[in-house]
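Take a moment to turn the structure around on your screen before reading on. We will then walk through it together, one place at a time.

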Amino acid sequence: MPGIVIVGVQWGDEGKGKATDLLGERTEWVVKFNGGNNAGHTVVIGDEKYALHLLPSGILSPGVNPVIGNGVVVDLGVLFEELEALDSRGIDTSRLRISSSAHVITHYHRTLDKVQERFLGKRQIGTTGRGIGPAYADKINRMGIRIQDLFDESILRQKVEGALDQKNHLLTKLFNRRAIEVDEIVEDLLSYVERIRPMVADTSLVLNEALDRGEVVVFEGGQATMLDIDHGTYPFVTSSTATAAGAASGSGVGPNRLDRIVGIVKAYTTRVGAGPFPTELEGEEADWLREQGHEYGVTTGRARRVGWYDAPITRYATRINGVTDLVMTKLDTLTGLERIPVCVAYEVNGERVDEVPINQSDFHHAKPILEEHPGWTEDITGVRDFADLPQTAQDYVLALEEMSGTRISVIGVGPGREQVIVRHDLVD
Ligand code: IMP
């Protein structure tokens, strides 16, 4: 059972880091295949809490080989900050391998991300401001800088000059900002060369060989289905392929090597940034759910938008990704609610629509059709067997399973890595 993909079902922050970590004990490789330091995983091990943005969460498990694949955009300053922070806490990070084809995020990408958002005014996307969109735009535009370019100073300089020729026009003439010097960027990038050299590898070859040996490789998706550049709520999305297909292209393995597709879904829904969100709550109910679930961004600290579970979204994500198993996180957050509403379909222009509408403006105006389920008051954070959950909690999970079209194999009942109920093994 070698290739396992982990993807977010909703708009991110579903608790993928915890699922990867749960598998981490049994796996040899954990690969990040998309996104960059826009992600934020909080992993709790014992009394220690680790917040990671760029590094795959598997880096915390001894015996796991973490890989940053070609589909990732790497901010080298952040990379070394995170590595140093882990080193100082005694975590061995020497096994990290980085694709030579991954692109880098530079100062001008971060600057452009911020000024473009400001320029959009009311239409802004609410990006994390980490330079993700501009770095991927350069990649698609064939003016990006790759990790391998760092090892040839003259090539690097030519590429930075090419990129800045155009960007400095934009920055100075359109956005009224100062021009960025070629030397400043080249010197910054070159300052990482010696440190990164031992980590750079042909990660596609390394991963294919590992799969050939039958080793378990976990492909950890950043962001989520509804933030995917193709299948998400465009333009309120991130700029990478956050769905399961991205695991193949973003790491250089064939799609037929992806054996299990695990979708991570919260027992309710959250979203950061702008864009449609049919089950969104406002006022006191929203404040209650946000506080109960500690729904504040790991990367930006922003209060997350919160709402009820949306079954059509899970069905959609199941279809787009080919999800074989769901991991449902944060069931314990709902403890104390008398009744738990769940979205089963939408009302669009006065008509019932059972699936995610194909037209974005319909999705913007979609009203959730809610079905209410009885809640529970018992503390479930210590439960490890499904049968020990209060009957109403079991019924809630089974109802969601039925609506979502895929089995719910694991249920999270608290932030600790051991706080899970495993109904079906993800690795067998
Ligand atoms: P970007 O990825 O910084 O370009 O941001 C684009 C959109 O994706 C914004 O709405 C962000 O809030 C959202 N986003 C990016 N990364 C994450 C994440 O890890 N969790 C949740 N939302 C994210």
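## A walk through the model

Let's begin with V397, which counts as buried because its relative accessible area is 0%. Keep in mind as you look that this is a predicted model. V397 belongs to helix α13, which runs over residues 391-404. Now look for F33: V397 and F33 are 364 residues apart along the chain, and 30 Å separates their C-alpha atoms.

Another buried residue is T270, which earns that label because its relative accessibility is 2%, and buried means under 20%. You will find T270 in strand β12, made of residues 269-271. The side chain of T270 makes a polar contact of 3.0 Å with the side chain of K266.

Next, let's visit the ligand. How many residues surround the ligand? There are 16 of them, and the closest are D13, N38, T128, T238 and R302. Sorted by class, this shell contains six nonpolar residues, eight polar ones and two charged ones. Some side chains can be paired with particular kinds of ligand atom. N38 has a polar side-chain atom 2.9 Å from an oxygen atom of the ligand, and T128 places a polar side-chain atom 2.6 Å from an oxygen atom of the ligand. With Q223 the partner is a nitrogen atom of the ligand, which lies 3.2 Å from a polar side-chain atom of that residue. How much of the ligand's accessible area does the protein cover? On its own the ligand has 470 Å² of accessible area, and the protein covers 96% of it.

One of those closest residues, D13, deserves another look. D13 sits in the loop between β1 (3-8) and α1 (16-24). Its phi angle is near 60°, a positive value in a residue other than glycine. Is D13 buried or exposed? The answer falls in between: D13 counts as partly exposed because its relative accessibility is 25%.

N176 also has a phi near 60°, again a positive value in a residue that is not glycine. The loop that holds N176 lies between α5 (153-174) and α6 (182-190). N176 counts as exposed, because its relative accessibility is 71% and exposed means over 50%.

From that loop, step back along the chain into α5. This helix has 22 residues and reaches 30 Å from its first C-alpha to its last, close to the 32 Å expected at 1.5 Å a residue. Try sighting along α5: where does the helix bend? The bend is at L164, and it is about 30°. L164 is also one of the buried residues of α5. The others in that list are L156, V160, A163, K167, N168 and L171.

On the other side of α5, the loop between α4 (132-140) and α5 holds Q148. Q148 is partly exposed, because its relative accessibility is 32%. To find a distant partner for comparison, look for P368, which is 220 residues from Q148 along the chain. The C-alpha atoms of Q148 and P368 are separated by 48 Å.

Our last stop is a peptide bond. Which two residues are joined by a cis peptide bond? They are Y234 and P235, and omega is about 5° there. P235 is part of the loop between β10 (217-220) and α9 (245-249).

Conventions: Residues numbered from 1 in each chain as written. Predicted model: local features only at pLDDT ≥ 70, side-chain atom pairs only at ≥ 80, totals over all residues. Heavy atoms only, no water. Helix = DSSP H or I, 4+ residues; strand = E, 2+ residues; numbered from the N terminus. Buried < 20%, exposed > 50% of the residue type's maximum accessible area, 1.4 Å probe, protein only. Near = heavy atom within 4 Å. Polar contact = N/O pair within 3.5 Å; in protein donor to acceptor, adjacent residues only side chain to side chain. Areas by Shrake-Rupley, 256 points an atom, 1.4 Å probe, with all protein chains shown as cover. Nonpolar A, V, L, I, M, F, W, Y, C, P; charged D, E, K, R; others polar. Expected span 1.5 Å × (residues − 1). Bend = angle between axes of the 7 residues up to and from the residue.
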